Structure formats: structure tokens, C-alpha cells
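Biologist: I would like a close look at a single part of this chain. Please set the scene briefly, then go through the details.

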Amino acid sequence: MLLIDAKTRGEEKEAKKTTFSLSGCYNKEWISLTNELQSLNAFVCCLCNQIANNAVELQCDKHENAERVYLVGEECLQTYLKQNNGKCPIDQHEHCEYSKKLLVICPRYYDLNICLQSNEGIKPGEKGEIEKNHCDYKGKIKDVKDHLNKSCQLISIQQNDSSNIQSQLNTMREQIDQVQNTVKELQSQLQKEKLQIEKLKESDNEKNKQLEQLNEEIKQLKLENERLKLDRELNEKKQSGNVSKLVDDNLILKQQPLQTNDSEDRKEEDNDKLLKFKSEQYSTFNFELFRVTSKLLKTLSGHTNRVWSIDYSTFDDSPCICSGSQDKTVRVWNVETAEQIQLFKGHEDDVYCVRFSQYHYYNHHHNVICSASYDKTICFWDFKNNRQIRIFNEHTDGVAGIEFSAFTGGRYLCSGSYDKTIRLWDIETSKSLHVFNGHTNAVLCVAFSHLQSYNNNNTKSNGVGVIGGNGYTICSGSGDTTIRIWDIETTKQLIVFKGHEHYVNSVKYGLHESGLIGGANTLLSGSNDFSVRLWDIRSKKQIQVFNGHNNLVMAVEYSPYMNCSNIGGGNVICSGSADNTIRFWDIRSNKKELHMIKGDDKEDDKILCLRFLSLRKKQTDDDDSLNLCYGSGKGPIRFWGQIVSDNFFECI
């Protein structure tokens with residue numbers, strides 16, 4: 001009899017049995033697809049309960065009379081015999097024979113159908129592809145192996161999955177390589193773009209420089225155009241006799257005869273005059289001596305752009321120059337050594353005007369400079385202790401000019417601004433005392449009237465309106481082409497001078513003891529119309545016009561007082577211009593200038609500001625010399641004058 005547990009073992013194997021194996025028994029469900037299940041019962045392996053593969057019939061004497069035929073798969077039988085020491089599943093036997101013919105379909109096609117029914121191992125999108133594939137094989141079991149090896153167009157699900165995974169891995173590797181290559185390309189491209197950005201920045205900086213140069217050239221062309229226009233207008237006026245009428249009406253010409261010499265005659269007499277000057281003792285400025293003997297003495301180098309303003313003073317017996325520039329700096333210089341001793345970089349735009357504060361020096365023992373800038377501020381700098389001590393910022397536009405009062409020891413400051421106003425400040429209290437309104441364009445320059453000799457003993461000072469002005473006034477020049485005079489005590493506008501045809505860049509009050517007829521009652525001005533003009537405050541009229549410059553007149557000065565009995569200096573004025581010249585004029589005549597100093601064309605370019613310095617030899621009180629200091633269009637500050645001694649000078 002067959003062992004009782006054979007069926008149980010067969011059921012366990014059935015659950016694990018694959019559809020097709022070249023050696024093991026066949027899956028019953030697979031075979032039943034092409035054969036009737038009832039007809040297959042005779043081919044069931046008695047050991048595994050599947051369709052026997054290479055079935056053999058169990059034949060032996062022990063069960064030859066049995067009612068059923070016992071079939072067993074060859075591999076199942078061999079496995080059983082090994083496990084049971086060669087004993088027959090029924091009894092001992094020599095052999096068995098299998099002769100039945102079975103037809104089966106392709107096992108791979110069967111597996112595909114099972115997968116489709118269970119959806120196991122099938123990824124989204126693959127089901128349609130699997131359904132399209134099939135195998136039409138239907139034949140004998142013994143021919144299945146040959147079919148699978150040679151003619152089957154399908155592969156097993158496991159092989160398909162493995163192939164798909166390998167293909168996907170290869171695809172992923174390719175994609176990773178592509179991503180890495182893309183990253184490398186992007187990094188390389190990024191580096192190139194960085195280099196291009198740097199080049200563009202450099203190119204942009206270069207273009208900005210070129211643009212600045214072009215803007216400067218445009219400004220120069222505009223100025224040249226204005227100059228040509230004014231030249232034409234002036235020529236027309238000369239032809240119509242207007243200028244001749246002004247000369248005829250000149251009050252000074254009515255009072256004094258002309259005292260001019262022909263330039264050629266002067267040249268012939270220079271040597272004789274020089275010998276005469278050397279033989280005499282002079283304690284006053286004599287223009288003829290200056291004209292013959294003056295030369296360039298010193299140069300202060302440091303500014304990198306236009307020098308708009310200079311001032312000088314003496315601190316602890318040391319003469320100093322301060323300067324303000326388009327390079328936004330304020331600098332202080334030692335006149336004796338020509339060295340820069342201080343630098344302030346606090347302004348954010350052009351520094352248009354600088355002045356030393358005598359009030360701080362004599363009242364607080366501080367060495368202070370006041371500076372006005374286009375950044376709308378007025379700053380006070382302690383240059384001995386290298387610090388900013390105060391700032392006024394009530395103007396609403398750039399500040400073009402400042403000046404300290406000639407009374408109360410310089411306690412008051414006036415300022416002119418592009419906001420069209422003049423402000424009066426008390427520097428002791430840091431308060432704005434009054435705002436003068438009236439100009440219709442920027443206020444470019446201001447000046448206080450000088451200390452009155454008849455009022456020297458009056459030291460009383462209060463606020464505006466009760467300041468006790470005693471005739472002190474403020475003068476202002478503007479882009480509206482007018483010059484206006486304001487009363488400090490009443491804060492009212494007193495006079496409006498009209499005559500200039502363009503911006504007024506510089507105004508100066510005459511000195512009371514200058515030797516000039518009218519003294520403090522005269523006013524000197526320079527303008528963008530290329531002219532220098534002299535005004536009489538009492539008559540409220542223009543009394544002289546000086547034409548000779550061929551570009552903007554940026555600065556005007558009276559020759560300083562030396563001795564009122566000597567008219568050699570008192571009748572001389574000078575002017576500095578963007579035509580790069582300083583010209584000297586006799587106020588009694590509007591003819592050609594007395595003398596001209598030419599700036600260096602390459603290093604100076606323009607004369608923008610000037611100051612006379614009355615200098616004295618150290619250790620002597622008798623020998624004085626007048627020297628002229630000017631600021632240029634490209635940065636150098638020059639000293640022009642007479643050499644007094646190897647030791648330089650002190651300002652007096």
C-alpha cells in the first residue's frame with residue numbers, strides 16, 4: 001500500500017510547485033488548461049499529487065494485483081528513494097514504465113496569464129504590453145524543453161523583471177552621468193559668467209570715467225558757447241556806444257586824471273625803477289616792485305581736483321593755509337614747510353568755501369576751520385585736535401559761500417546757498433538768527449562789510465534786530481545776476497545792483513583805509529560774463545567795468561592796505577579766471593590790465609580762488625612783502641610773490 005502521508009506531502013509540495021521545471025513534476029492547473037481534468041487523474045504523481053514529469057509506473061509483485069496504477073514523477077521517485085533507503089513507495093520493485101501522451105501549452109505563456117490574473121509583479125503601464133505578447137505552442141511535454149530553448153518568443157516573469165531592473169539601473173546610471181556632466185557644464189558656465197561680470201564691471205567703471213570726461217567737456221563747451229555769446233553781445237554794446245557812456249559817467253574818472261603808462265615804455269623803465277626801489281626803504285606794498293620782481297615761490301600739492309576756496313591765518317606764530325576742494329576734502333597746510341598738516345573727509349560733496357574762525361581762537365583757544373559744502377552743510381573742524389566740533393544743516397540745498405563778521409570778534413557767520421537764501425548764524429549759540437530772502441536764484445557768494453574805524457570801541461552785541469549793527473551790512477552775489485546789500489540791524493534789503501549779465505561768483509567790500517577813493521563804500525565783483533565790475537554803494541551805481549578775461553571770472557580781490565599815503569597799492573585790484581590767468585587792474589581806468597600772471601596750462605588749468613598774504617620777515621618789523629596765493633583747477637595751490645628771505649614768512 002502507498003504510504004498514508006503521501007497525499008499530505010503532495011499537497012504541501014503543490015503549494016510550492018512552480019509551473020514548469022525541466023526535472024520536477026508539472027503543475028496540475030497548467031496542464032489542465034489544454035486537457036480535461038478528469039483525463040489527467042491517471043497521470044497524477046502519487047508522491048506530489050501533480051502531473052508526473054517523466055512518469056514511471058510503479059510495478060512490483062507486491063502490488064501487481066492492485067486496482068489502480070501508481071505513477072510517479074522520475075525526480076520525485078529518485079528523491080523519495082534517497083530519503084527512504086531505496087524502498088518502494090508501495091513495495092520493492094525493479095522498474096516502471098510510462099507510455100501515456102499529454103499535450104501542454106507553453107509554460108511561459110501560462111505564467112503570464114497567472115500574473116495578469118493576480119497583478120503580482122506587474123508594474124503600472126506594463127500590463128498592456130504583457131497582454132500583447134503570447135505563445136501559440138501546444139505539444140508534448142517531452143518537447144517543451146526544446147520549445148523553450150529554441151522557438152519560444154516569451155521570457156519568464158522573473159527574467160523580465162530582472163531585465164527591466166537592469167535596464168532601469170543602466171538608464172539611471174546614464175541619467176546620473178548626464179546630471180553630473182550638466183552640473184560640471186553649469187559650474188563652468190557660472191565661472192565664465194562671473195568673469196564676464198567682472199569684465200563688465202571694469203568696463204562700466206571705464207565708461208563712467210569716460211562719461212565724466214564727456215560731461216566735463218560738455219560743460220567746457222557750454223562755457224565756451226556762453227563766452228562767444230557774451231563776446232558778441234559786448235561787441236554789439238561797444239558798437240552802440242553803451243560802454244563809452246559808462247566810462248564817461250565813471251565817477252572816479254571825474255575826480256582823478258588817468259595815470260597809466262604804455263606797456264612798451266614801462267618795459268624800458270623797469271630796470272631804472274628796480275634800481276630806484278632797491279635804493280629806498282619801503283614799508284608799504286608797491287605794485288611796480290611786485291610786478292617786476294615777483295615769481296612763483298611755492299606749490300602745495302595734495303588736492304586731486306579743483307580747489308574752490310582758500311584762506312589764511314596765523315596760529316601760535318605759524319602761518320597756515322586752509323583749502324576746500326571738489327575732491328570733498330578740507331586740508332590745512334603749513335606755509336613755511338609747504339606741507340599738509342591736516343585732512344578732513346567729512347563732507348559728501350564739493351567743499352565750496354573755507355574760512356578760519358578767529359572767534360574760536362581768541363575766545364576758546366581752539367584752532368577752527370569753517371567749511372561750506374554742496375552737501376547742504378556747514379561744518380566746524382578743530383584741526384589741532386583733528387575732530388569735527390559742530391555742524392549747521394538748516395539750508396535746504398548746497399552752501400556756496402560763508403564769511404565771518406568783522407565785528408564782535410567774528411562771532412557771527414553769514415552763508416549763501418543754492419536754496420536762494422542768506423542765513424545769519426550766531427556761532428556761540430549755534431543758532432540761525434535770520435534768513436534773508438529776495439534772490440531768485442542760487443546765492444553764490446557773501447561778504448560782511450569791514451570793521452568801521454569810528455565804531456571800533458563798540459563791542460556790545462545782542463541778537464538780530466538789536467545787534468547794534470551801526471551800518472554793518474551783508475553783501476550777496478547770485479545766479480540771478482544781481483548783487484544785493486542787506487542791513488544787519490533791520491534785516492532789510494537796502495540795494496540791488498544790476499549790471500552783470502551772468503552769475504556773480506565773487507563779491508568784496510572795499511577797505512576803509514585802502515587808499516581807494518570811497519574806501520568801504522565801494523564794492524568789487526566778478527562774474528560768468530567774463531567781467532570785473534566796481535560799484536559805488538552811496539550812489540548805488542556801477543562806476544567801472546574791466547574787460548579782458550576770456551572766460552569766467554571766479555574771484556576778485558582788493559590789494560591789501562599798507563599805507564594810505566601811498567597810492568601805489570591802494571588803486572590796484574586783481575581777478576582770477578577760468579581762462580587760467582590772474583589780471584591786475586588800476587581802478588581809475590578800465591583799459592588793458594596792468595599785469596597778468598599765467599597759470600600752468602597742464603597743472604593748473606584754471607584760477608578759481610585767490611588771497612593776498614601780507615608777509616613779514618621773521619625777526620624784523622620793517623620789511624613787508626605782498627604775496628599772492630591761488631587755488632587751481634587741477635589741485636595745486638601756488639604762492640606767487642617777492643622772495644623776502646630764506647626763512648619763509650609770517651602772515652600779519
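Biologist: What percentage of the 652 residues of the chain count as buried? And where does strand S27 stand, with its neighbours on either hand?

Modeller: This is a predicted model. Of the chain's 652 residues, 47% count as buried. The chain holds 14 helices and 33 strands. Its exposed area is about 34,300 Å², and carbon and sulfur atoms supply 45% of that. Take the contacts between residues at least 6 apart in sequence: 56% of them join residues at least 24 apart.

Now the strand. S27 covers residues 572-577. Six of its six residues are buried, so the rest of the structure largely encloses S27. The cut-off here is a relative accessible area under 20%. Both faces of S27 are covered. Val572, Cys574 and Gly576 are buried on one side. Ile573, Ser575 and Ser577 are buried on the other.

S27 has pairing partners. Strand S26, residues 553-558, pairs with S27 in the antiparallel sense. Five bridges make up that pairing. Within it, valine 553 stands opposite serine 577. Strand S28, residues 581-586, also runs antiparallel to S27, and five bridges join the two. Here serine 575 of S27 faces arginine 583 of S28. S27 and S28 form a hairpin, with three residues between them. Asparagine 580 sits in that turn and has a positive phi of about 70 degrees.

That phi deserves a remark. Most residues other than glycine have a negative phi. Two lysines also go the other way. Lysine 328 has a positive phi of about 75 degrees and is not a glycine. Its place is the loop between strand S7 (318-325) and strand S8 (330-334). Lysine 328 is partly exposed, at 38% relative accessible area. Lysine 420 has a positive phi of about 80 degrees, again without being a glycine. Lysine 420 belongs to the loop between S15 and S16. At 39% relative accessibility, lysine 420 counts as partly exposed.

Lysine 420 leads to a histidine. Histidine 439 touches Lys420, along with Ile422, Ser476, Ser478, Asp480, Thr482, Arg484 and Trp486, leaving aside residues up to four places away in sequence. Histidine 439 is in the loop between strand S17 (431-437) and strand S18 (443-448). Though in a loop, histidine 439 counts as buried, at 6% relative accessibility. Its side chain makes two of the polar contacts to cite here. One goes to the side chain of serine 476, at 2.7 Å. Another goes to the side chain of threonine 482, at 3.5 Å. The backbone gives a further distance: the C-alpha atoms of histidine 439 and glycine 479 are separated by 8.4 Å, with their positions 40 residues apart along the chain.

Next, the rings. The chain has 19 aromatic pairs. In one of them, tyrosine 374 and tyrosine 418 have ring centres 5.1 Å apart and planes at 90 degrees, so the pair is edge-to-face. The angle cut-off for that label is over 60 degrees. Tyrosine 374 lies in the loop between strand S11 (368-373) and strand S12 (378-382), and tyrosine 418 in the loop between strand S15 (412-417) and strand S16 (421-426), so the pair ties together parts that are 44 residues apart in sequence. Both rings belong to partly exposed residues: tyrosine 374 has a relative accessible area of 32%, and tyrosine 418 has 27%.

Other rings group together. Phe315, Phe356, Tyr361, Tyr362 and Phe383 form one aromatic cluster. A charge also meets a ring: arginine 390 lies over the face of phenylalanine 380, at 5.8 Å from the ring centre.

One last residue is serine 373, in strand S11. Serine 373 counts as buried, with 0% relative accessibility. Its side chain reaches the backbone oxygen of aspartate 349 at 3.3 Å. Leaving aside residues up to four places away in sequence, serine 373 touches His347, Asp349, Asp350, Val351, Tyr352, Gly398 and Val399.

Back to your strand, then. S27 is largely enclosed, is covered on both faces, and pairs in the antiparallel sense with S26 and with S28.

Terms used: Residues numbered from 1 in each chain as written. Heavy atoms only, no water. Buried < 20%, exposed > 50% of the residue type's maximum accessible area, 1.4 Å probe, protein only. Helix = DSSP H or I, 4+ residues; strand = E, 2+ residues; numbered from the N terminus. Pairing = 2+ DSSP bridges. Phe/Tyr/Trp six-rings, centres within 6.5 Å; stacked < 30°, edge-to-face > 60°. Lys NZ or Arg CZ within 6 Å of the ring centre and 35° of its normal. Polar contact = N/O pair within 3.5 Å; in protein donor to acceptor, adjacent residues only side chain to side chain. Contact = heavy atoms within 4.5 Å. Areas by Shrake-Rupley, 256 points an atom, 1.4 Å probe, with all protein chains shown as cover.
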